[in-house]
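Open the model in a viewer and keep the sequence panel beside it. The stops below say what to select and what is there.

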Amino acid sequence: MPLDAITRLGRRFLMSIGVARLTNDSDFSGTTQKIQAVFQNQGNGVLVREGIQLVQQYGFASRPVAGSDIIVLFLGGNHSSAVGIATQDQRNVPNDIKPGEVCLYHPQTKSRVYLQENGDMRIKPKNGQKIILDGETECTGKFTADKEMDVKGNVTAEKEIQSKGKISSEEDVVVGSVSLSKHKHPTSAPGAPTGEPV
């Protein structure tokens, strides 16, 4: 192969990948996600490209913001045919992950789903925010709540309920068909049963 052909091939190979920085928020308004990015040190200074298609892993979707870094492939070394394949926001990467651990995190709020080295799975929302489970939820293991639990619907238990503290109710408690606040006791003496509890 002639030297000039090898040189052209090598140049095209070097031009087939680049690292850029997003200049604005990604565009998710269409069926194809698009971004605009600026490339540095491209020989002629700054190079800006619009409409770069963002390709992500199947089943995963994220919407990177301005200032995020992106790795871009130029198909055939052609800068008019660009595809973004990986993004990262270096300003907000977690720095407390141990070797082998996995973390799905939100760069701006610091909320995370954390697969820890000891096998625990930890879900940690931003301070004051909630973990929301839509739909039916089934727990096959032991469930422990260290703080209060507010239940807005009915509670059905198939087995015993044990409490080490006081159980309070603002309404009547019915056991079988017997009301705790309105039941009456029969008496051995002649006359009517006792009155309701006071």
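How many bridges join strand S7 to strand S8, and do they run parallel or antiparallel? Select residues 112-115 for S7 and residues 121-124 for S8: four bridges join the two strands, and they run antiparallel. The model is a predicted one, so treat each stop as a reading of predicted coordinates.

**The S7-S8 hairpin**

Stay on these two strands and show the backbone. S7 and S8 form a hairpin, with five residues between them. In the turn, select Gly-119, whose phi is positive at about 100 degrees. For a bridge to inspect, pick Leu-115, which has Met-121 as its bridge partner in S8.

Now show the side chains of Arg-112 and Tyr-114. The charged end of Arg-112 sits over the ring of Tyr-114, at 5.1 Å from the ring centre.

**Back along the chain to Lys-110 and Pro-94**

Select Lys-110, in the loop between S6 and S7. Lys-110 is not a glycine, yet it has a positive phi of about 70 degrees. Is Lys-110 buried, partly exposed or exposed? It counts as partly exposed, because its relative accessibility is 47%.

Next select Pro-94, which lies in the loop between S5 and S6. Its relative accessible area is 17%, so Pro-94 counts as buried, the cut-off being under 20%. Which residues does Pro-94 touch, leaving aside those up to four places away in sequence? They are Cys-103, Tyr-105 and Arg-112. Arg-112 is thus met again here, as a contact of Pro-94 and as the residue whose charged end sits over Tyr-114. Draw a distance between the C-alpha atoms of Pro-94 and Tyr-105: the two are 11 residues apart along the chain and separated by 8.0 Å.

**Strand S1 and its partners**

Move to strand S1, residues 17-22. Colour its two faces separately. The covered face holds Gly-18, Ala-20 and Leu-22, while Ile-17, Val-19 and Arg-21 make up the uncovered one.

S1 pairs with S4 in the antiparallel sense over five bridges. Select Gly-18 and look across to S4, where Val-72 stands opposite. S1 also pairs with S2, again in the antiparallel sense, over three bridges. Here the residue to select is Arg-21, whose bridge partner in S2 is Val-38.

**The aromatic pair**

How many aromatic pairs does the structure hold? There is one. Select Phe-39 and Phe-74 and show their rings: the pair is tilted, with 5.4 Å from centre to centre and 50 degrees between the planes. Phe-39 belongs to strand S2 (residues 34-39) and Phe-74 to strand S4 (residues 69-74), so that the pair links distant parts of the chain, 35 residues apart.

Why do both rings' residues count as buried? Phe-39 counts as buried because its relative accessibility is 0%. Phe-74 is buried because its relative accessible area is 3%. The cut-off is under 20%.

**Strand S5 and its partners**

Keep Phe-74 selected and add Ala-82, its bridge partner in S5. S4 and S5 run antiparallel and are joined by six bridges. Then add strand S3, residues 47-54, next to S5, residues 82-88: two bridges join these strands, which run parallel. Gln-53 is the residue to select here, as it stands opposite Val-83 in S5.

**The whole chain**

Zoom out. The protein chain has one helix and 10 strands, and read along the sequence the helix comes ahead of the strands. Buried residues make up 17% of the 198 residues. Of the contacts with a separation of 6 or more, 31% are between residues 24 or more positions apart. The accessible surface comes to about 16900 Å², and 52% of that belongs to carbon and sulfur atoms.

Finish by colouring the chain by pLDDT. The average is 86, and 88% of the residues score at least 70. Where is confidence lowest, and where is it highest? Helix H1 (residues 3-14) is lowest, at a mean of 70, and strand S6 (residues 102-105) is highest, at 95. Where pLDDT is low, the predicted coordinates should not be read in detail.

Note on methods. Residues are numbered from 1 along each chain as its sequence is written. This is a predicted model: local features need pLDDT of at least 70, side-chain atom pairs count only at pLDDT 80 or more; totals for chains, interfaces and linings use all residues. Side-chain values use heavy atoms; hydrogens and water are left out. Buried means under 20% relative accessible area, exposed over 50%, partly exposed in between (1.4 Å probe, protein chains only). Contact means heavy atoms within 4.5 Å. Accessible areas come from the Shrake-Rupley method with a 1.4 Å probe; for residues, only the protein chains shown count as cover. Rings of Phe, Tyr and Trp (its six-membered ring) pair if their centres lie within 6.5 Å; planes under 30 degrees apart count as stacked, over 60 as edge-to-face and the rest as tilted. A charge sits over a ring if NZ of Lys or CZ of Arg is within 6 Å of the ring centre and within 35 degrees of the ring normal. Two strands pair if DSSP finds at least two bridges between them. pLDDT is the predictor's confidence in each residue, from 0 to 100.
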